[in-house]
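Colleague: I am new to this structure. Please show me how to read its features.

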Protein chains: 2
Amino acid sequence: MRNVAALAGVGIKTVSRVINGEPNVSAATIAKVTAAADSLNYLPDLHAGNLRRSDRKTQTLGLLVGSVANPFSGAVHRAVEDVAAQRNVAVFASSLDDDPNRERGIVSAFLRRRVDGLILTTVAKNQGYLQPEQEHGTPFVFVDREPVGVEADAVVSDNAAGATRATCHLIEHGHRRIAYLGDRLEIQTARERRRGFLEALGAAGIATNGIPMIDGLSTEDSATVAVAALLQGEDPPTAIFSSQNLITIGALHALKALGLHRSIALIGFDDIPLGDMLDPGVTVIAQDANAIGTLAADLVFARLDGDDTPERTYVVPTSLIIRGSGELTPHD
Amino acid sequence: MRNVAALAGVGIKTVSRVINGEPNVSAATIAKVTAAADSLNYLPDLHAGNLRRSDRKTQTLGLLVGSVANPFSGAVHRAVEDVAAQRNVAVFASSLDDDPNRERGIVSAFLRRRVDGLILTTVAKNQGYLQPEQEHGTPFVFVDREPVGVEADAVVSDNAAGATRATCHLIEHGHRRIAYLGDRLEIQTARERRRGFLEALGAAGIATNGIPMIDGLSTEDSATVAVAALLQGEDPPTAIFSSQNLITIGALHALKALGLHRSIALIGFDDIPLGDMLDPGVTVIAQDANAIGTLAADLVFARLDGDDTPERTYVVPTSLIIRGSGELTPHD
DNA sequence: GTGAAAGCGCTAACAT
DNA sequence: ATGTTAGCGCTTTCAC
């Protein structure tokens, strides 16, 4: 900036004014400064400016998701980016892999870089460690899972209701012996979906003891193995409710390998890519990742703009997408 | 930091030494400073430090991809992040949507934030605008597409060879009338894959005039429409080579809607999710997104570590994954 | 082993 | 309409 000022033959503050589009600079001066800046390929240092700027905003957001390689996370990320881009805000993205030990390290890496706000999918038992930073004024929005130990906005799917809907759909198609495939119980959404499943069975008067329930599935392969064992064991289920996209894909592999994909019903929570192209199509409870990401970003910016209404949890509805696999009956 | 120094009863420089793990501080002082920092929830400001630090490294990388919601981009992103995380480097990710007008804006947003290096999938005709920044010492690595107008490292798939391989595979299965579905010709990879396709036909002595070739497909829907028209027109092909994952998915929809998915052969460039679960399975030329991302990140860090060997392009091999759709014959 | 002073690139506050 | 001075939070340099 000094060099630009020297080349343009003006003071450094005038350059600052031109760069930031501040008023009270003559057109001739603007032209001189712009020309000098261009010829030197000058790009202002956002962080140096921020150091002294009164609002202290870095125009940066931190986003923590399950994995940037996961389609659900990717869709959320994209929605957040689109909102942020309109305000010239850049987005840091990190993958958590549902590892509670990485959580604090990643958050602190964001905070050291003085992000203006954070959008987080967390997995640690408690997010109380964020409280000092929150009091300091940094807004947090949790997505997919609600925080524990700190009051903050959260955007989640209606996990229990969606699971109930899926289960009722299977029951309506005549199923009584429905297996449940779940993620690790540390994860809040897994517990919610599990609860919704059990409530549907209860409401239909189906005894839940003896129902095959497998928790703790965290990878596609573990689901494939578990489902294969289940279907080849005694008294196999006539339908399966799978509570997460990778688990659904694992279950599909097992069903296909055993040639049972046209006889055992399946509904998955979370849509899967090309679910409409399989035979039968895969019936799912779809989350609206785009709506979730957009809302989360809007909330962060609203807080940054001074919104100080009480923190709350926003529930984004899921939808049942009927494609065939969930409509198989026990007699197929 | 001042507050920490005051609370610990030491000078500010001593706090700096403790935070950065510099030597020549007594154990007792370290303990005092650490306690003070903890009680104040102190987190150093990375950018303020960087302003005066001699190496001027922000521990930040910029990544520009097609879209963070695209599975290929997501896999590249994840690989880059994993390499960066080992060095405590955070990653900015932005989506380009193959829009040349957005390219410079995003790059300049990264540069204003003084990223240490850039990994870019570009689409503008020319990247000469990066030259001043490159001379200034910022390393660039291009992924998926080579740059024009600037000498820089690039990591690409063997696009032409992969397309040739796919086409030969179809020819070996008896096809002579093979349709080509391509992305917009502004995109370098699209041109390379097109070239590979034509070379395979030429080598087999198949006349290329009259072969149905459709370029400029950029969305799934446009591919569906184009393929439907192609198959219902006069003299339809017996096989299709699709040059990109979204196009392949669009083609699959058209084939299925017309009930031709078991009679028209199809090979796609780029793997697609659940390609193994469809019926028939989708034969593809798969890119190794993980290898591409890892190599690109390794190259950026090598440059940052002082590697000054000549810039070059690295070619990552693709692989043919046989699943059924590419092995249908003209008589099926 | 420790601290004081200067300065990184920029903006706020106050001149002129 | 423009420039000057101080200072953001930190590291450098150098003195103690």
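Modeller: α10(A) and α11(A) are oblique to each other, because angles under 35 degrees count as roughly parallel, over 145 as roughly antiparallel, 65 to 115 as roughly perpendicular and the rest as oblique. Helices here are DSSP runs (H or I, at least four residues), strands likewise (E, at least two), numbered from the N terminus. The model is predicted: local features need pLDDT of at least 70, side-chain atom pairs count only at pLDDT 80 or more, and totals for chains, interfaces and linings use all residues. Residues are numbered from 1 along each chain as its sequence is written, and chains are lettered from A and ligands numbered from 1 in the order in which they are written.

Colleague: At what angle do the axes of α10 and α11 of chain A cross?

Modeller: Axes are lines fitted to C-alpha atoms, for helices over the stretch in contact, with angles from 0 to 180 degrees between N-to-C directions. Those of α10 (residues 220-232) and α11 (residues 245-257) of chain A cross at roughly 45° and come within 7 Å.

Colleague: Which residues of α10(A) and α11(A) meet?

Modeller: Contact means C-beta atoms, placed from the backbone, within 7 Å. In α10(A) they include V227(A) and L231(A), and in α11(A) they include I249(A) and H253(A).

Colleague: How many residues of chain B are in contact with chain A?

Modeller: 40 residues of chain B are in contact with 40 residues of chain A.

Colleague: Which element gives the largest share of the surface near DNA strand D?

Modeller: Near means a C-beta atom, placed from the backbone, within 6 Å. α4(B) gives the largest share, 4 residues. In total, 24 residues surround DNA strand D, with R52(A) and M1(B) among the closest.

Technical notes. Contact = placed C-beta atoms within 7 Å.
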